[in-house]
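Q: Can you walk me through the aromatic residues and the core in this one?

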Amino acid sequence: MNKVIMLIFIFLFLLFQFSANAKNMPDFRNTNWDMSKQKVKSIEKLKIYSDEPEKLFYSGKFLEFPVNLVYVFKNNKLSNGIYVFDQSYSSFEPYIKDYMKAKKGLIKLLGKPLSDSTVWNDDFYKNKPEKLVSAFTLGNVSFFTEWLTKTTRILLVLSNENNNI
C-alpha cells in the first residue's frame, strides 16, 4: 500500500479554533487567539519548517504522537491551531486505534467530550462492529469527537476520503 496515498487520504487531526479569549490561560499550546504571527514565532520553541503568509508549520509531538503543527492567522492574528497526526501505516486498523488512543488522552486532559459520534456514509456495515475496519477502508465511516472550553472548540476527526487504500 502506498504510504504517500495513505497520508494524503487519511486524516487524523486536531483542530483548535478561535473563540473568545480568557485572561492568563493559553488557548493553544502557549499562545492565545489574536496573537500576532511574530509573537507566536517568538513563543513557539519547536523548529519551524515553513512560514507562509497566513500559516506557520512546525513538527513535534502531541499525546506521544508525531504531529505537524499548524498555526493559522487571519489579518496577522492567530485564529486556529491544528495538529495533523503524522503516522503512516500499511493498513487501516492502526489509524482507528490511534484515534481511540488520542481520544482517551484528550478525555484525560479535557474531560468528557461535548459530542462523540460515528458518522456512516453507507449503512451496510453499520451494525457489524467486526467490520468497522472494512467500513473505514471503504470510506464508509468517520469519527468525530468535540470538546468546548471557555475559549476554544477542539475537534478530533478521523476520516478516509476518496476510498483510496
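**Rings and core**

A: Sure: Tyr99 and Phe143 are both buried, meaning under 20% relative accessible area with a 1.4 Å probe and protein chains only. This is a predicted model, where local features need pLDDT of at least 70, side-chain atom pairs count only at pLDDT 80 or more, and totals for chains, interfaces and linings use all residues. Residues are numbered from 1 along each chain as its sequence is written, and side-chain values use heavy atoms, leaving out hydrogens and water.

Q: OK, how many aromatic pairs are there?
A: Twelve, counting Phe, Tyr and Trp rings (six-membered ring for Trp) with centres within 6.5 Å; planes under 30 degrees apart are stacked, over 60 edge-to-face, the rest tilted.

Q: How are the rings of Phe62 and Tyr83 arranged?
A: Their centres are 4.2 Å apart with the planes at 20°, so they're stacked. Phe62 is in strand 3 and Tyr83 in strand 5, 21 residues apart.

Q: Buried or exposed, that Phe62?
A: Phe62 is buried, at 14% relative accessibility. Tyr83 is buried too, at 3%.

Q: And what about Tyr99 and Phe143?
A: That pair is tilted, 5.5 Å centre to centre with 35° between the planes. It links helix 3 to strand 7, 44 residues apart.

Q: Switching topic, which charged end sits over the ring of Phe124?
A: That of Lys128, 4.5 Å from the ring centre; the rule is NZ of Lys or CZ of Arg within 6 Å of the centre and within 35 degrees of the ring normal.

Conventions: Helices (H or I, at least four residues) and strands (E, at least two) are DSSP runs, numbered from the N terminus. Buried means under 20% relative accessible area, exposed over 50%, partly exposed in between (1.4 Å probe, protein chains only).
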